[in-house]
Amino acid sequence: MPQHLETDVAIVGAGPTGLFAVFELGMLKLSSVLIDALAEVGGQCTALYPEKPIYDIPAHPAIEAGALITRLEEQIAPFATPRLLGRQVNGLSGQAGDFMLTTDQDDTIKAKAVVVAAGAGAFGPNRPPLDDLPAYEATGAVQYYVRRREDFRNKRVVIAGGGDSAVDWALALKDIARVSVVHRRPKFRAAPESAAQLDEAARRGEIEMVIPYQLHALQGSDGVLSAVVVATLDGETRALPADSLLPFFGLSMDLGPIAAWGMQQAMHHVTIDPATCQTSIPGIFAIGDVAAYPGKLKLILQGFSEAAVAAHAIFPIVHPGEALHFEYSTSKGVPG
Ligand code: FAD
């Protein structure tokens, strides 16, 4: 059922930075609407690594990504911001003070300013070029994200890739599953400490290293996997008995429809002025992973800070001519 909403600020993307933008805008008494293509809020934290602890959120020595999103939802609850989930924003027209956004579900959102918190955009995994892949994806025999570690208990799991995700999940699953790691060369791109832990686990026989091999074929029927066939560059093949394959070849980044809005871009990111987080189009702001400027770090904490900067820069667009007096949250509390 299409919705037609009117608000001060439309936030495109309900990842951690889009969620925190609700708070920062709300603290300035600016209303907002959150829109996300996914069915749940939380962006990468919810979709890619809900059970992984994050160690660099200030004042949380360790917090699981899913728990961080739950805490953000608690923090923004007082603002009762409408959410349009499972809807991709595709169209944008108008100008600062009078924008109209449309979604693929025919919703319309009238807003005075727009915050693009679209992260990696319509992000998706890089898929290995294997025959019959969709049939195995459909049954979950091939997965690109570990949503629940327990799903792999007592399974034979083949992990492919040489980056952080491959190494971290090999280490996280080795105690509950039989894990083989397929990589095309002995050197891993993962953090040196994790790569060293992987070597140590392999030396103890807790993980089987299958090097230098690449994925070659899937064996099984009706989406039920029985083996993953791997091959060397010389064409020598081996079949690894397997129930699950986890290929970790990174995410492909695609800004999707946002790319056509005319904002200045650099390498699939939206260029912003870090003093305001405004893009090259007045009234449109970008924060979090999608935003690019010299010195940008793709960290959640930096996205949080950008949410505050953007909210203050948006205030005069919503309330032209009205002075904004900076106040600490300790002085004003949380407006209901
Ligand atoms: P995202 O989380 O990417 O959310 C963007 C949202 O926008 C998505 O939900 C997407 O569906 C939506 N969207 C995009 N386009 C549209 C559209 N057109 N219409 C509607 N919705 C749209 N960061 C840290 O700080 N510390 C860590 O320890 C850490 N560990 C990580 C571990 C892993 C495995 C991964 C993958 C990332 C990690 N990160 C970490 C990075 C962190 O998750 C990102 O920096 C953060 O998620 C960025 O938040 P965001 O809100 O900008 O974007």
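# Exercises on a predicted model

An open sheet of 3 strands follows the order β18-β19-β21, and its pairing is mixed. The structure is a predicted model, and the exercises below begin with this sheet.

## Exercise 1: the sheet of β18, β19 and β21

Determine which strands stand at the edges of this sheet, and describe how β19 is joined to β21.

*Solution.* Step one concerns the edges. β18 (265–266) and β21 (291–292) each have a single partner strand, so each has one side without a neighbour in the sheet. These two strands therefore stand at the edges.

Step two concerns the pairing. Strands of a sheet pair through backbone hydrogen bonds, in either a parallel or an antiparallel manner. Strand β19, residues 269–271, runs parallel to β21, and 2 bridges join them. Thr271 has Ala292 in β21 as its bridge partner.

## Exercise 2: a strand covered on both faces

State which residues of strand β16 lie on each of its faces and whether they are buried or exposed, then describe the pairing of β16 with β10.

*Solution.* Strand β16 comprises residues 244–247. On one side are Ser244 and Leu246, and on the other are Leu245 and Pro247. All of these residues are buried, and both faces are thus covered.

For the pairing, strand β10 (residues 156–160) and β16 are parallel and share 4 bridges. Within this pairing, Ala160 stands opposite Pro247 of β16.

## Exercise 3: the cysteines

Establish how many disulfides the structure holds, and explain the result for Cys45 and Cys277.

*Solution.* Begin with the count: a search of the whole structure gives 0 disulfides. The reasoning needs a cut-off, namely that the two cysteine sulfur atoms of a disulfide lie within 2.5 Å.

Next, compare the distance. The cysteine sulfur closest to that of Cys45 belongs to Cys277 and is 19 Å away, which is too far for a bond. Taken from the other side, the closest cysteine sulfur to that of Cys277 is in Cys45, again at 19 Å and too far for a bond.

Finally, consider the surroundings. Cys45 is buried at a relative accessible area of 1%, and Cys277 is buried with a value of 1%.

## Exercise 4: the largest pocket

Describe the lining of the largest pocket and explain where the pocket lies with respect to domain 1 and domain 2.

*Solution.* The volume of the largest pocket is about 1,100 Å³. Its lining consists of 32 residues; nearest the centre are Tyr49, Lys52, Asp164, Ser165 and Asp168. By kind, the lining has 17 nonpolar, 7 polar and 8 charged residues.

Two helices are then to be noted: α5 (164–173) and α6 (192–203) each supply at least two lining residues. The greatest contribution is that of α5, with 7 residues.

The position follows from the domains. Domain 1 (4–123 + 251–332) and domain 2 (127–247) both give residues to the lining, so the pocket lies between them.

## Exercise 5: two residues placed

Locate Pro320 and Val181, and decide for each whether the residue is buried or exposed.

*Solution.* Pro320 is found in the loop between α7 (300–318) and α8 (329–332). Its relative accessibility is 65%, so Pro320 counts as exposed. Gly97 is 223 residues from Pro320 along the chain, yet their C-alpha atoms are 9.4 Å apart.

Val181 belongs to strand β11, residues 178–182. Its relative accessibility is 1%, so Val181 counts as buried. From Val181 to His60 the separation is 121 residues in sequence and 32 Å in space, C-alpha to C-alpha.

Conventions: Residues are numbered from 1 along each chain as its sequence is written. This is a predicted model: local features need pLDDT of at least 70, side-chain atom pairs count only at pLDDT 80 or more; totals for chains, interfaces and linings use all residues. Side-chain values use heavy atoms; hydrogens and water are left out. Buried means under 20% relative accessible area, exposed over 50%, partly exposed in between (1.4 Å probe, protein chains only). On a 1 Å grid over the protein atoms alone, a cavity is a set of points where a 1.4 Å probe fits but cannot get out, and a pocket is an open set with protein on both sides within 12 Å along at least five of seven lines; lining residues have an atom within 4 Å of a point. Grid points are joined across faces, edges and corners, and a volume is the space filled by probe spheres set on the points. Ala, Val, Leu, Ile, Met, Phe, Trp, Tyr, Cys and Pro count as nonpolar, Asp, Glu, Lys and Arg as charged, and the others, Gly among them, as polar. Domain bounds come from an automatic or database domain assignment. Two strands pair if DSSP finds at least two bridges between them.
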